[in-house]
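Hello,

Here is the structure I promised to pass on. Please have a look at it first; my notes on its pockets follow below.

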Amino acid sequence: MDLTQLIGNIPSAVIALALGTVICFAGYRVRKAGIMLTGALLGFSLASDIAGRFLDQSTAAIIGVAAAVLVALFCSWLYDAGIFVFCGACGALFASGLLESAALESWLRLVILLAVFVAVGFLALKFVRPVMILATGFSGASSILSSLLLMGVAIPAGLVQLAVMLVLAAVGIGVQFATTR
């Protein structure tokens, strides 16, 4: 079995669980890789979505890949822009997990997520380490919980899920503060 077959056999929930765990417990330590990955994902998502409205899917994918590389490099070269994008995305990821159960119009959900993205991004520029640790702790915990639910782990909905996520976040944040300077 080669590496491609091995990776193809891993369910996406397992990959999301592994990434969520790294983000939750070591988000500050992996910030440079996280900044580039977040920039790449953001660049690809936006560019391919916009291009897909006007062009065929293969051309839109090529434009998305080019934008992913450019935005990743931009975020890496301009560290402050990268911090803004990375922490803003982590904050928006956490907020989207909280908004899943809310019955909101899609435009209102988008406005809220954009506001959270901008607010957390600006706070991160002012207080880099603590905001990054908080943002990665909460978003990583949210990702861990979502992954566990996708894998079929029975966690009662509502307050129990929120409590599990908050405990995971608190432990992840504690580990990050204890292991970084």
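**Pockets in the model**

Please keep in mind that this is a predicted model.

I start with the second largest pocket. About 300 Å³ of space lies in it. Its lining counts 13 residues. Nearest the centre are G97, L98, E100, L145 and Q161. Three elements each give two or more residues to this lining: α5, α7 and α8 (159-179). Which of them gives the most? That is α7, with 4 residues. By class, the lining of the second largest pocket splits into 6 nonpolar, 6 polar and 1 charged residues.

Now the largest pocket. The space in it comes to about 930 Å³. It is lined by 31 residues, and T38, L41, A89, C90 and L93 are the closest to its centre. Five helices are worth displaying here, as each gives two or more residues to the lining:

- α2 (12-26)
- α3 (31-52)
- α5 (79-99)
- α6 (106-126)
- α7 (128-150)

The largest share of this lining, 7 residues, comes from α5. What is the make-up of the lining of the largest pocket by class? There are 19 nonpolar, 11 polar and 1 charged residues.

One more point for your viewing session. Both α5 and α7 give two or more residues to the lining of the largest pocket, and both do so for the second largest pocket. I would load those two helices alongside the two sets of central residues.

Best wishes

How values were computed:
Residues are numbered from 1 along each chain as its sequence is written. This is a predicted model: local features need pLDDT of at least 70, side-chain atom pairs count only at pLDDT 80 or more; totals for chains, interfaces and linings use all residues. Side-chain values use heavy atoms; hydrogens and water are left out. On a 1 Å grid over the protein atoms alone, a cavity is a set of points where a 1.4 Å probe fits but cannot get out, and a pocket is an open set with protein on both sides within 12 Å along at least five of seven lines; lining residues have an atom within 4 Å of a point. Grid points are joined across faces, edges and corners, and a volume is the space filled by probe spheres set on the points. Ala, Val, Leu, Ile, Met, Phe, Trp, Tyr, Cys and Pro count as nonpolar, Asp, Glu, Lys and Arg as charged, and the others, Gly among them, as polar.
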